Amino acid sequence: MKSIFLAAVVVTLSTFVFGERPWNGYPRLDTSGLNFESHVNHVGDRATLVCQSRGGDPLPTLTIYQNDSPIPRSAVLDLYHSKYKLSLVVYSWNVQRSDNGAVFKCKQDWTDPSTGETATSFSETTKQISVPYKRELEDQINEAEILDFIDELVRMTGSE
């Protein structure tokens, strides 16, 4: 008598979620149209900051900060390219007098899909902008008028 044995093999497929951290050395903060160290910036100059990261699966979220406050999402352009694993946040504006002394930095948040934990890092360098006060012609004229008025008062009162 022959015995037939049937064996049942049960295969359980599990879904493993692995994340890929962003590359070392990121995020980076670059500038365009604005030099933070070597020349004077003037009110009205066009400035652009680019916060960038490479790598990461999922791609990280980037934020540009000005004086420890995040630039509103409505004021920046978010660009992501999953094929090249590139993340960019672009902030472009016309320099104002109130920007004088402002410090900018770039923040990267990446959430590990396997643990749900978020890793945060900042750009190694920060950028500080200098916008010295540039007197307008109107200010100079008004000052000259005031000095003329004071001279006239002095002459009228004879208190020279």
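Student: In this predicted model, in which loop does Pro58 lie?

Tutor: The structure is a predicted model, so what follows describes computed geometry. The peptide bond that leads from Asp57 into Pro58 is cis, with omega near 10°. Strand β3 covers residues 46-57 and β4 covers 61-66, and Pro58 is placed in the loop between β3 and β4.

Student: Which other peptide bond is cis, with omega near 10°, and leads into Pro27?

Tutor: Pro27 has its place in the loop between β1 and β2, and Gly25 lies in the loop between these strands too. The cis bond, with omega near 10°, is the one that runs to Pro27 from Tyr26.

Student: How many helices and strands does the chain hold?

Tutor: Read from the N terminus, the elements run β-β-β-β-β-β-β-β-β-β-α, with the helix at the end of that order. The secondary structure of the chain therefore comes to 1 helix and 10 strands.

Student: With which strand does β3 share 9 bridges?

Tutor: Strand β3 has several antiparallel partners, among them β1, joined to β3 by 2 bridges, and β2, which pairs with β3 over 5 bridges. Individual pairs can be named within these ladders: Pro22 stands opposite Gly55 of β3, and Asp30 has Val50 of β3 as its bridge partner. The strand that runs antiparallel to β3 over 9 bridges is β7.

Student: Is Ser53 buried or exposed?

Tutor: Ser53 sits in strand β3, where 9 of the 12 residues are buried, and its bridge partner in β7 is Ser87. Leaving aside residues up to four places away in sequence, Ser53 touches several residues, including Pro22, Tyr26, Leu62 and Lys85. Because its relative accessible area is 0%, and the class requires a value under 20%, Ser53 is buried.

Student: Which side chain makes a polar contact with the side chain of Ser53?

Tutor: The residues that Ser53 touches include Pro60, Leu86, Ser87 and Gln108. The polar contact between side chains spans 2.4 Å, and the partner of Ser53 in it is Gln108.

Student: Which cysteine is joined to Cys51 by a disulfide?

Tutor: The structure holds 1 disulfide, and its S to S distance in the model is 1.5 Å. The pair links distant parts of the chain, since Cys51 belongs to strand β3 and its partner to strand β8, 55 residues apart. Both cysteines count as buried because Cys51 has 0% relative accessibility and its partner likewise has a relative accessible area of 0%. The cysteine joined to Cys51 is Cys106.

Student: Which elements give two or more residues to the largest nonpolar core?

Tutor: In soluble globular proteins, nonpolar side chains tend to be buried together. The largest nonpolar core here has 17 residues, and those with the most contacts inside it are Leu49, Cys51, Ile64, Tyr91, Trp93 and Phe104. The elements that contribute two or more residues to this core are β3, β4, β7 and β8.

Student: Which residue in the turn of the β6 and β7 hairpin has a positive phi?

Tutor: Strands β6 (residues 77-81) and β7 (residues 86-94) run antiparallel and are joined by 5 bridges, with Asp78 paired to Val89 of β7. The hairpin leaves 4 residues between the strands. The turn residue has a phi of about 50° although it is not a glycine, and with 24% relative accessibility it counts as partly exposed. That residue is Lys85.

Student: Is Asp68 buried or exposed?

Tutor: Asp68 lies in the loop between β4 and β5 and has a positive phi of about 65° although it is not a glycine. Its relative accessible area is 58%, and because that class begins over 50%, Asp68 is exposed.

Student: How many Å apart in space are Gly25 and Phe122, C-alpha to C-alpha?

Tutor: Gly25, partly exposed at 39% relative accessibility, is separated from Phe122 by 97 residues in sequence. Among contacts in the chain between residues at least 6 apart in sequence, 66% join residues at least 24 apart. For Gly25 and Phe122, the C-alpha to C-alpha distance is 9.9 Å.

How values were computed
Residues numbered from 1 in each chain as written. Predicted model: local features only at pLDDT ≥ 70, side-chain atom pairs only at ≥ 80, totals over all residues. Heavy atoms only, no water. Pairing = 2+ DSSP bridges. Buried < 20%, exposed > 50% of the residue type's maximum accessible area, 1.4 Å probe, protein only. Polar contact = N/O pair within 3.5 Å; in protein donor to acceptor, adjacent residues only side chain to side chain. Contact = heavy atoms within 4.5 Å. Core = buried A, V, L, I, M, F, W, Y, C linked by side-chain atoms within 4.5 Å. Disulfide = S-S within 2.5 Å.
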